[in-house]
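Visitor: I have a model open on my screen and would like to walk through it with you. Shall we take it one question at a time?

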Amino acid sequence: MKDNLIANKTFDFSLMVIRLFIQLKENEFIVSKQLLRSGTSIGANVEEAIAAQSKKDFINKLSIANKEARETKYWLRLLDKSELTKIEINEYLIEIEHIINIITKIIKTAQTK
């Protein structure tokens, strides 16, 4: 894939979430399964946005990715504060915040053009 910052970032984040899920599933399953679903959905929706058929479709797919990213942030915060795991979640929270900021900026730029 050619250099597409958000596509690469969300793909790498999906890999991070999958690895975290594998670590979590031994002790915790409900939150980790939700996290896996929403965390990997971000990149899938970004990929759909890249192949959008119109500007409206592009914005819609990225908006879905943004919602999934915010849901992922919620599950990560819940894991962090609930003490369900001793795994350090801070790096995931930092990365998801970067992803949310980038997607939000892309949406705003697309809406103003």
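Visitor: Which helix is Lys 108 found in?
Guide: Happy to start there, and please keep in mind that this is a predicted model. The helix α4 covers residues 90-112. Lys 108 is found in helix α4.

Visitor: Is Lys 108 buried or exposed?
Guide: The cut-off to use is that exposed means over 50% relative accessible area. Lys 108 has a relative accessible area of 53%, so Lys 108 counts as exposed.

Visitor: How far apart in space are Lys 108 and Thr 85, C-alpha to C-alpha?
Guide: Along the chain, Lys 108 and Thr 85 are 23 residues apart in sequence. In space, their C-alpha to C-alpha separation is 36 Å.

Visitor: And Phe 11, is it buried or exposed?
Guide: Phe 11 has its place in helix α1. Its relative accessible area is 53%, and the cut-off for exposed is over 50%. Phe 11 is therefore exposed.

Visitor: How far is Phe 11 from Gly 39 in space, C-alpha to C-alpha?
Guide: In sequence, 28 residues separate Phe 11 and Gly 39. From C-alpha to C-alpha, the distance in space is 9.8 Å.

Visitor: Which helix gives the most to the largest nonpolar core?
Guide: That core has 28 residues, and among those touching the most other members are Leu 35, Leu 76 and Ile 99. The helices α1, α2, α3 and α4 each supply at least two residues of this core. With nine residues, the one that gives the most is α4.

Visitor: Which residues does Leu 35 touch, leaving out those up to four places away in sequence?
Guide: Leu 35 is one of the core residues that touch the most other members. Beyond its sequence neighbours, Leu 35 touches Val 17, Leu 20, Leu 24, Thr 40, Thr 72, Trp 75, Leu 76 and Leu 79.

Visitor: How are α1 and α4 oriented, roughly parallel or roughly antiparallel?
Guide: Their axes come within 11 Å and cross at roughly 150°. Angles over 145 degrees count as roughly antiparallel. That makes α1, relative to α4, roughly antiparallel.

Visitor: How many nonpolar residues are in the contact of α1 with α4?
Guide: Residues of α1 in this contact include Phe 13 and Leu 20, and those of α4 include Ile 96 and Ile 103. By class, three residues of the contact are polar, three are charged, and the nonpolar ones number 11.

Visitor: Is the crossing of α2 and α3 left-handed or right-handed?
Guide: The axes of α2 and α3 are 8 Å apart, at an angle of about 155°. The two helices are therefore roughly antiparallel to each other. Their crossing is left-handed.

Definitions and conventions. Residues are numbered from 1 along each chain as its sequence is written. This is a predicted model: local features need pLDDT of at least 70, side-chain atom pairs count only at pLDDT 80 or more; totals for chains, interfaces and linings use all residues. Side-chain values use heavy atoms; hydrogens and water are left out. A nonpolar core is a set of buried Ala, Val, Leu, Ile, Met, Phe, Trp, Tyr and Cys residues joined through side-chain atoms within 4.5 Å. Buried means under 20% relative accessible area, exposed over 50%, partly exposed in between (1.4 Å probe, protein chains only). Helices (H or I, at least four residues) and strands (E, at least two) are DSSP runs, numbered from the N terminus. Contact means heavy atoms within 4.5 Å. Axes are lines fitted to C-alpha atoms, for helices over the stretch in contact, and angles run from 0 to 180 degrees between N-to-C directions. Angles under 35 degrees count as roughly parallel, over 145 as roughly antiparallel, 65 to 115 as roughly perpendicular and the rest as oblique. Ala, Val, Leu, Ile, Met, Phe, Trp, Tyr, Cys and Pro count as nonpolar, Asp, Glu, Lys and Arg as charged, and the others, Gly among them, as polar. A crossing is left-handed if the near helix is turned anticlockwise from the far one by less than a right angle, and right-handed if clockwise.
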